Amino acid sequence: MHDVIRFENVSFSYPDEEQLVLENVSLSIRRGERVVITGPSGCGKTTLLYLCNRLYPDNCDGVLTGSLELFGKDSLSFIPGEINHRVATVFQDPDAQFCMQTVEEELAFTLENLHIRREEMENRIGEVLELTDLSEYRHSVIQKLSGGQKQRIATACALIMEPEVLLLDEPIAHLDPYTAQKYVQWLDQLQRKRKMTIVAIEHRLELWGNFFDRSIPLNKTEEIAPLQKRKSSLQKDASFMANNVSANPFLQELSFSLNHGEVVVLAGPNGSGKSTLLKALCRLIPSSGTVQPERLGYVPQSPEFLFLTKSVREEVAFGGGNDVDEMITRLKLLPISDAHPFAVSHGQKRRVAIAAMLSDGRDIILMDEPTSGQDAAALSELFQLIDERSKEGTTFLIVTHDMEFAYCIADSILLMNNGRLTGKFPATEVWQNEDLLVEHHLVPPKGWMTREACFA
């Protein structure tokens, strides 16, 4: 098998920045291989993918040294756009790659850029929608869909190009556990059929099983002890109440309450209304019903929507909060504290938003997928911070598809499906109830029964 990607002592830095993002990287990937790139958050994994698809240095004027070959040729010998039909990318943030309003229009736009004849487009669009199980969303407005649904659409847009190499930047980060498993199974079958080379960035390797042929670590990852189930700090008195909250046309009327010191995970299938509920509680979308108290802390799925300043440190301190230096240090943001918050990695952006909200001292904090893009060290520190704050009486409502994290952190679980609240359950009760798990596209945490026996 021939190498389709080859790095020899490659270094890369962004314009006007002395620090190298990648330094003397050497690796090779053969045709048809399945490779996962690993390493701590912010170590340059996404940058490496952008060098493979020629997005860098063409679109950022970065400084590239060393030898980088694609399909046996110097990467710089390809003219702009030439490589795009051979190397397709599913970005970490799917919103970053959408140009059109509906799913069908987005797929057609991709084919137009490849100069595919109009009479051929219909068949290719229909085939890829069926392949990705997205036929029912053909005429849907993309921005009205959930993050997980957008991720699948972004994958369909990449696959419709029939590429030789598929680059995936944390493709299951926004997928519910059941859909993530199906995604991996589907990708396995697709790769066997089309013999594509797959290069993926991933932190949650446990969901991939034996999919990858090998792993390429960019940096040495710090050895972190596995998370342990926290002791509940749940108090008896209510700190938050939502009464008859609804948002047309999807979110059905619902009511629930949370107690002081309670950590609650909000779970359910992609598109069930979890993010919509958080936005309705914060009055970020038109909604009815009452919420007490009204002053809530909120970390959205796309944290950059919160950013208002020109540096990470300024962003964390923007609300006039306390413990800014401690939050920056503990959430591994000190090396990038002077960087622009829009210029850091996806995982780092989330930690910036989390640090700002924790510094702000809110009594109720809502988080939408805070674990996405986090390495083990950052996840461990996030866990510790939530545990400490909950003991002080802070209440957390957290949307996550990471069932390992949910098992360790949650006192209770709110389950949603099809815009409706199924109910609020003690966390252990959910893991024991197979019907609830299947209905809400969840899988029990790995080895949870053994763990429960240890804590019994």
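## Helix α9

Let's start with α9 in this predicted model. The helix has 14 residues, and at 1.5 Å a residue they should span 20 Å. Its end C-alpha atoms are 20 Å apart, so the helix agrees with what is expected. What about its surroundings: is α9 mostly covered or mostly open? It's mostly covered, with 14 of its 14 residues buried.

Just past the helix, have a look at Gly361. This glycine follows α9 and has a positive phi, near 75 degrees.

## Helix α10 and what covers it

Next up is α10, which runs over residues 376-391. From its first C-alpha to its last, this 16-residue helix reaches 23 Å, close to the 22 Å expected at 1.5 Å a residue.

Like α9, which is mostly covered, α10 is mostly covered too: 12 of its 16 residues are buried. Among them are Leu379, Leu382, Phe383, Leu385 and Ile386. Some charged residues are on the buried list as well, including Glu381, Asp387 and Arg389.

Which elements cover those residues? The cover includes helices α8 (324-330), α9 (346-359) and α11 (403-409). It also includes strands β12 (263-267), β15 (364-368) and β16 (395-399). So if you've just found α9 on screen, you already have one of the pieces that cover the buried residues of α10.

## The whole chain

Now zoom out. How many helices and strands does the protein chain have? There are 14 helices and 18 strands. The radius of gyration is 22 Å, close to the 23 Å that the globule rule gives for 456 residues, so the chain is as compact as a globular protein of that length. Along its principal axes, the C-alpha trace spans about 65 × 50 × 45 Å.

Buried residues make up 57% of the 456 residues. Take the contacts with a separation of 6 or more: 71% of them are between residues 24 or more positions apart. On the outside, the chain exposes about 20,500 Å², and carbon and sulfur atoms supply 47% of that. As for charge, you'll find 45 positive and 64 negative side chains, and the centres of the two sets lie 3 Å apart.

## Backbone oddities

A bit of background helps here. Most residues other than glycine have a negative phi, and most peptide bonds are trans. Where are the cis bonds to look at? One is the peptide bond from Asn248 to Pro249, with omega near 0 degrees. Pro249 sits in the loop between β10 (238-247) and β11 (251-259). Another cis bond joins Gln292 and Pro293, with omega about -5 degrees. You can find Pro293 in the loop between β13 (288-292) and β14 (297-299).

Then there are the positive phi values. Asn24 isn't a glycine, yet its phi is near 50 degrees; this residue is in strand β2 (residues 22-30). Glu162 isn't a glycine either, and its phi is about 50 degrees. Glu162 belongs to the loop between α4 (147-159) and β7 (165-169). Its relative accessibility is 47%, so Glu162 counts as partly exposed.

## An exposed glycine

Last stop: Gly209, in the loop between β8 (197-201) and β9 (214-217). Why does Gly209 count as exposed? Its relative accessibility is 57%, and exposed means over 50%. For a sense of distance, Gly209 and Thr132 are 77 residues apart in sequence and 20 Å apart in space, C-alpha to C-alpha.

Key
Residues are numbered from 1 along each chain as its sequence is written. This is a predicted model: local features need pLDDT of at least 70, side-chain atom pairs count only at pLDDT 80 or more; totals for chains, interfaces and linings use all residues. Side-chain values use heavy atoms; hydrogens and water are left out. Helices (H or I, at least four residues) and strands (E, at least two) are DSSP runs, numbered from the N terminus. The radius of gyration is taken over C-alpha atoms; the globule rule is 2.2 Å times the number of residues to the power 0.38. Buried means under 20% relative accessible area, exposed over 50%, partly exposed in between (1.4 Å probe, protein chains only). Contact means heavy atoms within 4.5 Å. Accessible areas come from the Shrake-Rupley method with a 1.4 Å probe; for residues, only the protein chains shown count as cover. Lys and Arg count as positive and Asp and Glu as negative; His and the chain ends are not counted. The place of a charge is taken as NZ of Lys, CZ of Arg, CG of Asp or CD of Glu. The expected span of a helix is 1.5 Å times one less than its number of residues.
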